[in-house]
Amino acid sequence: MLELEHEFRVVDVHVRLEPEESRRADARTGDPETIEREMHQAGVVRSVVFPGPRDGSYLKVNNAVARMSVGRSFVAFARINGARDAGSSPGARLRNLASSREEHHTSPEDVEQYAYDDRFAGFKLHPAADGLPDEEVLEQLADVGLPVLVHGGRAFPPRAIADHLLDYEFPVIVEHFGGYPLDRELIADGITLLDRWESCYLDTSFVRFRTPLERAIMEHPDRICFGSGAPATHPDVGVMEILTLDVPEDAMRKVFSKNPSRVIPELSPSGGE
């Protein structure tokens, strides 16, 4: 793809990095060299990166992502998991009554170690894929106060995010406006979260509808953060979607850089650029 030409400083809060060759869909998907090249083409100067899904503990792959971020324009987030079922069905609630944290699940001690390891700037949580952490882990996340990037969609919608996460005192960045994949009703619900919770932000990854993007940016200009969703989509696509919106340039600057840099200081110009 051609390099985009624009005058904005752009940072990206949503990039999956795959450190294991054997798990990549092809020779290029998710590897650091390809991601850096595509980010350069899109004019993205820094990116939050996290690993894809795994069975078992995330300790090894989190450390691998952190190592691969050294000397690059990457900011590593530690992926965490839990024993609780993220569903809202009676069966899920019943299973949660009997659930308990096992050795491969993220513990409060793990959260504390990640938080005080300067290689990690926050946490990635995908409850539908990895389970939901228990209250002790969530309380530890609140104690350390680092941002948590949460997958939002049909399997863990905005209502579930509100019920399980937003009463804790840590910044929550809801991926995909809470509507993955392309669910207009859930996207609207995600925007509504911003009316009640000041610690809640939305990332723009895979929000392909112009109207809710413009609405959210105009109604909540300080709470929307650019996320490309790379490598599943080229960052050029996400950047162009914002550039072509009918919103003021100052609002674009907030989405592209000011908002994510405020929530994740490591993305700011002083954060290592």
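## Aromatic contacts and the parallel sheet

The charged end of arginine 223 sits over the ring of tyrosine 201, at 5.8 Å from the ring centre. This contact belongs to a predicted model, and the values reported here are computed from that model. A second arginine, arginine 184, lies over the face of phenylalanine 209, and the separation from the ring centre is 3.7 Å.

**Aromatic pairs**

A pair of aromatic rings is described by the distance of the centres and the angle of the planes. In the whole structure, a search finds six aromatic pairs. Two of them are set out below.

| Aromatic pair | Centre to centre | Angle between the planes | Geometry |
|---|---|---|---|
| Phenylalanine 8 and phenylalanine 256 | 5.5 Å | 50° | tilted |
| Tyrosine 114 and phenylalanine 123 | 6.3 Å | 70° | edge-to-face |

Which parts of the chain does the pair of phenylalanine 8 and phenylalanine 256 tie together? Phenylalanine 8 belongs to the segment before strand 1 (10–16), whereas phenylalanine 256 belongs to helix 11 (residues 249–263); the pair therefore ties together parts that lie 248 residues apart in sequence. Phenylalanine 8 and phenylalanine 256 are both buried. With Phe226, Phe8 and Phe256 form one aromatic cluster.

In the edge-to-face pair, tyrosine 114 has a relative accessible area of 8% and is buried. Its partner, phenylalanine 123, is buried as well, at 0% relative accessibility. Because buried means under 20% relative accessible area, the value of 8% places tyrosine 114 in that class.

**The sheet and strand 3**

Eight strands form an open sheet with parallel pairing, in the order 1-2-3-4-5-6-7-8. Strand 1 and strand 8 (224–225) are the edge strands, and each of them pairs on one side only.

Strand 3 (residues 74–80) pairs with strand 4 (residues 120–125) in the parallel sense, over five bridges. Strand 3 also pairs with strand 2 in the parallel sense, over three bridges. How do individual residues face one another across these strands? Alanine 76 of strand 3 stands opposite valine 49, and alanine 76 also stands opposite phenylalanine 120 in strand 4. Phenylalanine 77, in turn, stands opposite glycine 122 in strand 4.

Why is strand 3 described as largely enclosed by the rest of the structure? Seven of the seven residues of strand 3 are buried, so the strand is largely enclosed. Phe74, Ala76, Ala78 and Ile80 point one way from strand 3, while Val75, Phe77 and Arg79 point the other way; all are buried. Arg79 is thus listed among the buried residues of this strand.

Helix 2 (residues 59–69) lies across strand 2 (44–50), strand 3 and strand 4. Relative to strand 3, helix 2 runs at about 180°.

**The chain as a whole**

The chain contains 11 helices and eight strands. Its radius of gyration is 17 Å, close to the 19 Å given by the globule rule for 273 residues, so the chain is as compact as a globular protein of that length. The C-alpha trace spans about 55 × 40 × 35 Å along its principal axes.

Of the 273 residues in the chain, 56% are buried. Among contacts between residues at least 6 apart in sequence, 75% join residues at least 24 apart. The pair of phenylalanine 8 and phenylalanine 256 ties together parts 248 residues apart in sequence.

Notes
Residues numbered from 1 in each chain as written. Predicted model: local features only at pLDDT ≥ 70, side-chain atom pairs only at ≥ 80, totals over all residues. Heavy atoms only, no water. Phe/Tyr/Trp six-rings, centres within 6.5 Å; stacked < 30°, edge-to-face > 60°. Helix = DSSP H or I, 4+ residues; strand = E, 2+ residues; numbered from the N terminus. Buried < 20%, exposed > 50% of the residue type's maximum accessible area, 1.4 Å probe, protein only. Lys NZ or Arg CZ within 6 Å of the ring centre and 35° of its normal. Pairing = 2+ DSSP bridges. Contact = heavy atoms within 4.5 Å. Axes fitted to C-alpha atoms, helices over the stretch in contact; angles between N-to-C directions. Rg over C-alpha atoms; globule rule 2.2 N^0.38 Å.
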